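Dear colleague,

I am handing over the structure below, and my notes on its salt bridges and on one helix pair follow it. Please read them alongside the coordinates.

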Amino acid sequence: MLAANFANLEADVRKAEAAGVDCLHVDIMDGHFVPNLSFGPEIVATLKRITQLPLDVHLMIQQPDRYARTFIEAGADTLTVHLEAYHDVKRTLGLIRDMGCKCGLAINPLTLFQNATSLLKRVDLLLCMTVNPGFGGQPFIIEVLEKVRLARAYAEQHGLPYDIQVDGGLTSETIGPSVAAGANVIVAGTSVFGQKDVTAAVKLLRNRAAEVSAGG
Ligand code: ZN
């Protein structure tokens, strides 16, 4: 939703619904963990009122433990927190789960997969950032796909059901390699909302992903 038109959020939500997206990904930035500032919990509450789509809320904030409850109460269906933020990650993930919300763990491009492994049995989703977090419209960091491969292999070896999400720089060119590496949840911002025809943009991405899944 970072790439959506803030002045007419509802119109963009309707476009996303019509395009058949699975959920809305909402980036929350605090001006500390990342230099940018974006929305607070009000945006989540607003989205909850206007759509039935699940809300996937990504907290790029320094103290996610302090705000997790507020975002869940506002209507988050999945809440993702950063490994690199300043909090007891295990405790925060537990708090999110205890409130009946799906929990996600995000890792930045330079964070090693090994730093996250001890937490993976507690998460529903592992988010591998494919750009440095904080700004929309950045180029995709292809080296992160090596981490996605490790994450997929680890899930299979240990029988863990977590989803693997990629976020940042996803386009019709980068989605294929991402899915081939093992990502199964794709966040697209600019490459969808930046286009005139949102439905066609989503269809193009879905087709690319399907080609790769089918072994193409
Ligand atoms: Zn995000």
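**Salt bridges and a helix pair**

In this predicted model, a network of salt bridges links Glu10, Arg14 and Glu17. The total number of salt bridges comes to seven, and three further pairs are described here.

Asp12 and Lys15 form a salt bridge in which the closest N and O atoms are 3.7 Å apart; the two residues are three positions apart in helix α1 (residues 9-18), and about one helical turn therefore separates them. Asp12 is buried, at 7% relative accessible area, whereas Lys15 is partly exposed, at 40%.

Glu146 and Arg149 meet through their side chains at 2.8 Å, N to O, and, being three residues apart in helix α5 (residues 144-158), they too are separated by about one helical turn. Glu146 is partly exposed at 44% relative accessible area, and Arg149 is partly exposed at 41%.

Arg97 pairs with Asp124, with 3.2 Å between the closest N and O atoms; Arg97 belongs to helix α4 (residues 89-98) and Asp124 to the loop between β4 (102-107) and β5 (125-129), so this salt bridge ties together parts that are 27 residues apart in sequence.

As for the helix pair, α2 (residues 41-50) and α3 (residues 64-74) pack at an angle of about 20°, with their axes 8 Å apart, and they are therefore roughly parallel to each other. Their crossing is right-handed. In the contact, Pro41, Val44, Ala45 and Lys48 of α2 meet Thr70, Phe71 and Ala74 of α3, which by class gives five nonpolar residues, one polar and one charged.

With best regards

How values were computed:
Residues numbered from 1 in each chain as written. Predicted model: local features only at pLDDT ≥ 70, side-chain atom pairs only at ≥ 80, totals over all residues. Heavy atoms only, no water. Axes fitted to C-alpha atoms, helices over the stretch in contact; angles between N-to-C directions. Helix = DSSP H or I, 4+ residues; strand = E, 2+ residues; numbered from the N terminus. Parallel < 35°, antiparallel > 145°, perpendicular 65-115°, else oblique. Left-handed = near helix turned anticlockwise from the far one by under 90°. Contact = heavy atoms within 4.5 Å. Nonpolar A, V, L, I, M, F, W, Y, C, P; charged D, E, K, R; others polar. Salt bridge = Lys/Arg side-chain N within 4 Å of Asp/Glu carboxyl O. Buried < 20%, exposed > 50% of the residue type's maximum accessible area, 1.4 Å probe, protein only.
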